[in-house]
Amino acid sequence: MDLADLKTRALVDPERGLVSREIFVDPTLYAAELERIFATQWLFVGHVSQVRRPGDFVVSRMGEESVLLVRDVDGELHVFLNSCRHRGMQVCRYDQGNASEFACPYHGWTYDTKGRLGAVPALREGYFSELELAEWGLVEARVAELKGSIWACWDAATPGLEDWLGDARIWIEEFFTVPDVGVGELELIAGVQKWTLPCNWKFGAENFSGDNYHNVSHASVDQLALSPSGKAGRHQYDAIPQKPVLQNIAYAATGHSGRGALYPPGFDFLSAYAAVPELHAYYRRAYAAREQQLGERARMVPHGGTIFPNMSFSNGRTSIALWHPAGPETCEVWRFYFVPEYAPAAVKDHLRRYVIRYQGPSGLTEEDDMENWNLAHRASRGTIARRHPYHMAMGLGHELAAGSEPWIARGGTVMEGVSEQNQRGYYRRWAQLMGVL
Amino acid sequence: MSGPDNAALARLLRAREAEEFLYREAGLLDRREFTAWLDLLADDVRYFMPLRRNVPSLAPAEEWTREGQDVAWFDEGKDVLAMRVTQLHTGVHWAEEPPSRTCHLVSNVLLMDDSGPEWEVHSHFIFYRSRMERETDLLAGRREDALRPTPQGLRLARRRVLIDHNVLPIKNLTNFF
């Protein structure tokens, strides 16, 4: 496919809720995504608990490219392209650590924690002292921090992180706020799960943006008592006797989205953790504090969502997934798990075991999601299949400018129950950035 | 036979018993006799597969995530393993429906220590998986097991599965190792 022809192809039709299968398999479109989306948008790269001390670093990833998230000697955060300016070799091949400099193992160009090129072998006899060291520091991205989450962006023209998040910012703020709304921070549990998924990166991102409709995928795990409620069901909130109304919120301007559940006044939040006394006590206190601070808004319990393009968050079993592109046919997923920093050790341990058995490639729930995306991707390749778009029209035309409570939408549109509104918003934004809408 | 020879013979028999246990176990998994496999696990079994990080060779302490503290691929006891088996038997666990064909090749079996109430047994494995028409997956690694002699035979009391992968090359871990 020629990029010049993009506008002539009906790749995304948000008015009819149709999305072409081409966008999951076409190599030209994929290359354009790296340019027009991953090189321009803010991308989640890590969490402050990974880089607490000066010199701490972790490798992260933006699009297909390796980057280094570093806290410099003065405590400032940086995100660098992990590639020597001389001849490209990775300047760091460790997943994490603490360093005062990054020395390229190819020819020895050495950079400090601010990315400045310091030592260059043969500077005098080879370069005749004519190399301008100041011009050859590591390539650096913009970096921004929001409630402990760290984001980076290559494009100077993109608005700052908070403006770029727009009204979806409250979802990220709430996600990174501990359950009692404000005491302490989230703490990353050491170890980031990384695995390879044989599908296009958008399948996972789209699913987490708003798919409350795929419960049939999880019929097997719903029969187990996976949740810390001790009752059958996989979610911790499955045991809450009052039934909520699902809320889907889409932000048209940005492609971000959130999902939550609105419970009736006076709902019994506490039963969600009833099987584990320590958890029960912790969340009893946390919910009281939450109610005190948020008032009526505490009834809205976030479930997660997707920040465009590739960062998905899950509340409850607190984790983040990054859907890294790795070719049109392959996605590299990174999953980060969090616990409340100041929760008692027993609470942290129960939560840790719950998130691991729920999500990731060994999690009883997510195992089945990946089968769907894998086989959906495979079915996007065929000559005949590619003539037939995917259907994302559920609830089309029934979007509400405001939910049942005025504070629910806050800048987005709302759909209650099951809906594909959020996916339509996601692909509308994709199409805008790709220049095909 | 003299005393030392008897001891050597006894150790050889225990090593052979441990090896046979591992082969039988692999056979149960590959024939999908998961309930019978669960019966080989001690009630207090710990089943752990850590994440593996790229770290400097001179600072190896950070290479593996820690049992009971960090994120892992598996860090669980018999309750969650039994849940996994129940899930496999629902008929609607789509990642294993239709089921994988698996081949656990176990080798390099060494009885490291049989002086205590549990035997420490190390082995290497190659795990091959075939799914649907043409999906093929391969994982390699080693295992550090504690086998406990009981009147009913050996039982697996602890297993650490150490895989040789940083980014897991397969989409899910719906199988046992």
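Before I start, one convention: Lys and Arg count as positive, Asp and Glu as negative, and His and the chain ends are left out. With that, look at chain B. It carries 24 positive and 29 negative charges, and their mean positions are 3 Å apart. Please keep in mind that this is a predicted model.

Now the fold of chain B. It has 3 helices and 6 strands. Along the sequence the order is α-α-β-β-α-β-β-β-β.

Next, overall dimensions. The C-alpha trace of chain B spans about 60 × 45 × 30 Å along its principal axes. Its radius of gyration is 17 Å. A compact globule of 177 residues would come out near 16 Å, so the two agree.

What about the inside? Buried residues make up 49% of the 177 in chain B. Then take the contacts in chain B with a separation of 6 or more: 61% of them join residues 24 or more positions apart. On the outside, chain B has an accessible surface of about 8300 Å². Carbon and sulfur atoms hold 54% of that surface.

On to the partner, chain A. Interface size is often quoted as the accessible area lost when the parts come together. Here chains A and B bury about 3200 Å² between them, with 55% of it on carbon and sulfur atoms. On the chain B side, Val71(B), Met83(B) and Lys171(B) lose the most area to chain A. Together they make up 20% of what that side buries. By residue count, 39 from chain B and 40 from chain A take part in the contact.

Now zoom in on one helix. How enclosed is helix H3 of chain B, residues 78-88? Of its 11 residues, 8 are buried, so the rest of the structure largely encloses it. Among the buried ones are Lys78(B), Arg84(B) and Gln87(B), along with Val80(B), Leu81(B) and Met83(B). Met83(B) is also one of the residues I just named at the interface.

What do the buried residues of H3(B) pack against? From chain A, helix H7 (345-358) and helix H8 (366-378). From chain B, helix H2 (34-39), strand S1 (41-50) and strand S2 (72-76). The packing partners of this helix thus come from both chains.

Last stop, chain A. Gly75(A) sits in the loop between strand S5 (65-71) and strand S6 (77-81). Is Gly75(A) buried or partly exposed? Its relative accessibility is 25%, so it counts as partly exposed; buried would mean under 20%. From Gly75(A) to Asn315(A) is 240 residues in sequence and 30 Å in space, C-alpha to C-alpha.

Terms used: Residues numbered from 1 in each chain as written. Chains lettered and ligands numbered in written order. Predicted model: local features only at pLDDT ≥ 70, side-chain atom pairs only at ≥ 80, totals over all residues. Heavy atoms only, no water. Helix = DSSP H or I, 4+ residues; strand = E, 2+ residues; numbered from the N terminus. Rg over C-alpha atoms; globule rule 2.2 N^0.38 Å. Buried < 20%, exposed > 50% of the residue type's maximum accessible area, 1.4 Å probe, protein only. Contact = heavy atoms within 4.5 Å. Areas by Shrake-Rupley, 256 points an atom, 1.4 Å probe, with all protein chains shown as cover. Charge placed at Lys NZ, Arg CZ, Asp CG, Glu CD. Buried area = accessible area lost by both parts, 1.4 Å probe.
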